[in-house]
Amino acid sequence: MKRILLFTLVCVLFVAPLAEASWAWWAPTVPNIQQPSWNEPSWPNPSPQPDPNPWPNPSPNPNPNPNPNPNPGNPILPTQPSDPGNKVPLPDASLSSDEQKLINQVNQERAKNGQQALAIDYGLVALAKKKSHDMAVNNYFSHVSPTLGTVYNMLDQAGIGYSRAGENIARTGSVERAHPLFMNSAGHRANILHSGYTHIGVGIVKQGTSYHVTQIFIKK
């Protein structure tokens with residue numbers, strides 16, 4: 001009996017450690033898995049920056065009823081000039097028959113007074129037309145233009161060389177009256193007959209019932 005008890009005790013002491021080791025080996029190891037936090041997104045979330053290319057600009061919540069501006073149903077109409085009657089067309093670049101007639105009258109007067117005829121300078125013709133048009137458009141009558149300055153400013157700006165220069169201007173209801181008006185004025189007559197001038201340009205612009213006439217004289 002004692003031997004049986006002793007044998008049983010030995011078996012218990014020997015088998016017990018083996019049973020504990022076997023359990024530890026078979027027990028599965030629980031991995032240390034960190035569950036994702038649902039409070040944080042799983043993609044980067046950088047600070048917002050201005051969109052360098054704002055078009056196109058898709059929206060995550062598209063609007064099924066866009067309201068573009070401006071409304072294509074309301075086209076923008078062109079504005080009308082407040083007073084189309086004040087618009088004065090630019091004069092033709094070529095010398096008109098009336099302008100040629102005035103030049104002929106000037107040279108006829110010079111011939112009668114023993115002076116040489118003035119040669120036509122088309123650079124002066126362009127400036128004379130420009131000055132007459134400027135007077136018509138800006139509604140003034142003066143040798144000093146609010147936009148072009150004096151005849152000397154105009155000649156310098158155009159790059160026309162001269163050693164002497166003069167200008168006659170007139171505003172009249174008839175082109176035929178321009179030459180008599182000039183000849184009946186001492187200052188205008190002096191320009192027409194001045195022995196120092198060599199070239200001339202004339203420009204006529206009509207505005208309504210008025211004619212703006214400019215004569216430019218120079219000595220080259």
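At the start of helix 3 in this predicted model, a side-chain oxygen of D121 comes to within 2.8 Å of the backbone nitrogen of G123. D121 itself belongs to the loop that lies between strand 1 and helix 3. With a relative accessible area of 11%, D121 is buried, because values under 20% count as such. The side chain of D121 also makes a polar contact with the side chain of K220, at 2.6 Å. Leaving aside residues up to four places away in sequence, D121 touches H199, I200, G201 and K220.

Helix 3 comprises 17 residues, 122-138, and its end C-alpha atoms are 24 Å apart. This separation agrees with the span of 24 Å that is expected at 1.5 Å a residue. Just after the helix, N139 adopts a positive phi of about 55 degrees.

The buried residues of helix 3 are L124, V125, L127, A128, K129, K131, S132, H133, D134, M135 and A136. These buried residues pack against two helices and four strands: helix 2 (97-112) and helix 4 (151-158), together with strand 1 (119-120), strand 2 (164-172), strand 3 (199-207) and strand 4 (210-219).

The packing of helix 3 against helix 4 was examined further. The two helices meet at an angle of about 130 degrees, and their axes are 11 Å apart. Helix 3 is therefore oblique to helix 4. The crossing of the pair is right-handed. Helix 3 contributes L124, L127 and K131 to the contact, while helix 4 contributes M154, L155 and A158. In general, an α-helix has 3.6 residues a turn, so residues three or four places apart point the same way.

Key:
Residues are numbered from 1 along each chain as its sequence is written. This is a predicted model: local features need pLDDT of at least 70, side-chain atom pairs count only at pLDDT 80 or more; totals for chains, interfaces and linings use all residues. Side-chain values use heavy atoms; hydrogens and water are left out. The expected span of a helix is 1.5 Å times one less than its number of residues. Buried means under 20% relative accessible area, exposed over 50%, partly exposed in between (1.4 Å probe, protein chains only). Contact means heavy atoms within 4.5 Å. A polar contact is a pair of N or O atoms within 3.5 Å; within protein, one must be able to donate a hydrogen and the other to accept it, and residues adjacent in sequence count only if both atoms are side-chain atoms. Axes are lines fitted to C-alpha atoms, for helices over the stretch in contact, and angles run from 0 to 180 degrees between N-to-C directions. Angles under 35 degrees count as roughly parallel, over 145 as roughly antiparallel, 65 to 115 as roughly perpendicular and the rest as oblique. A crossing is left-handed if the near helix is turned anticlockwise from the far one by less than a right angle, and right-handed if clockwise.
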